[in-house]
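Biologist: I would like to learn how to read the strands and helices of a model, and how to follow one residue through them. Could you take me through it step by step?

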Amino acid sequence: MIRAVLSTLLLIALPAVASAQCYADYKAKRDDPLRLHYGVAEIGGQCAPGPAAQELAPRLARQGWDLLDVVGVFGPEGLEERRADAGDFFLRF
């Protein structure tokens, strides 16, 4: 009985975990002339630096930017503290 209840609770909780919001802060560059930027982007896949980089690199490349580094990943609680630093690149890509 307890096992069935725990299984049901787990099945209910899994979609909520999978749909949790994830964001990455990153550094990117453009050449000729050299331009650098720091930005924040929403990540739709797995909330980890490696998968975030794989998702973000093509988005940036479509606009002529090369991803240099994913600084970190975080939830919505970290957005406001990064807004000013990201400036025009806050949730742009």
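Modeller: Let us begin with pairing: two strands pair if DSSP finds at least two bridges between them. What you see is a predicted model, and in it β1 and β3 pair in the antiparallel sense over 7 bridges. One of the residues concerned is Asp25, which lies in strand β1 (residues 22-30) and whose bridge partner in β3 is Gly72.

Biologist: In what order do the 3 strands of the open sheet lie?

Modeller: The order is β2-β1-β3, with antiparallel pairing. The edge strands, β2 (35-43) and β3 (66-74), each pair on one side only, and from one strand to the next the twist averages 20°.

Biologist: Is Asp25 buried or exposed?

Modeller: Burial is read from relative accessibility, and a residue under 20% is called buried. Asp25 has 5% relative accessibility, and therefore counts as buried.

Biologist: With which side chain does the side chain of Asp25 make a polar contact?

Modeller: The partner is the side chain of Tyr38, at 3.0 Å. Leaving aside residues up to four places away in sequence, Asp25 also touches several others, including Val40, Asp69, Phe74 and Arg82.

Biologist: How should I read the helices against the sheet?

Modeller: Look at what each helix touches and at the angle between directions. α2 packs on the sheet, where it touches β1, β2 and β3, and its direction makes about 135° with that of β3. Helix α3 (residues 79-86) also lies across β1, β2 and β3, and runs at about 150° to β2.

Biologist: Which residues of α2 are buried?

Modeller: A general idea helps here: an α-helix has 3.6 residues a turn, so residues three or four places apart point the same way. In α2 the buried residues are Ala52, Leu56, Arg59 and Leu60, and what covers them includes β1, β2 and β3.

Biologist: Which residues make up the largest nonpolar core?

Modeller: That core has 8 residues, namely Tyr26, Ala28, Ala41, Leu56, Leu60, Trp65, Phe89 and Phe93, and β1 and α2 (49-61) each supply at least two of its residues. A second, separate core of 6 residues includes Tyr23, Val40, Phe74 and Ala86. To return to a residue of the largest core, Leu56 touches Tyr26, Ala41, Leu67 and Phe93, again not counting residues up to four places away in sequence.

Key:
Residues are numbered from 1 along each chain as its sequence is written. This is a predicted model: local features need pLDDT of at least 70, side-chain atom pairs count only at pLDDT 80 or more; totals for chains, interfaces and linings use all residues. Side-chain values use heavy atoms; hydrogens and water are left out. Helices (H or I, at least four residues) and strands (E, at least two) are DSSP runs, numbered from the N terminus. Buried means under 20% relative accessible area, exposed over 50%, partly exposed in between (1.4 Å probe, protein chains only). A polar contact is a pair of N or O atoms within 3.5 Å; within protein, one must be able to donate a hydrogen and the other to accept it, and residues adjacent in sequence count only if both atoms are side-chain atoms. Contact means heavy atoms within 4.5 Å. A nonpolar core is a set of buried Ala, Val, Leu, Ile, Met, Phe, Trp, Tyr and Cys residues joined through side-chain atoms within 4.5 Å. Axes are lines fitted to C-alpha atoms, for helices over the stretch in contact, and angles run from 0 to 180 degrees between N-to-C directions.
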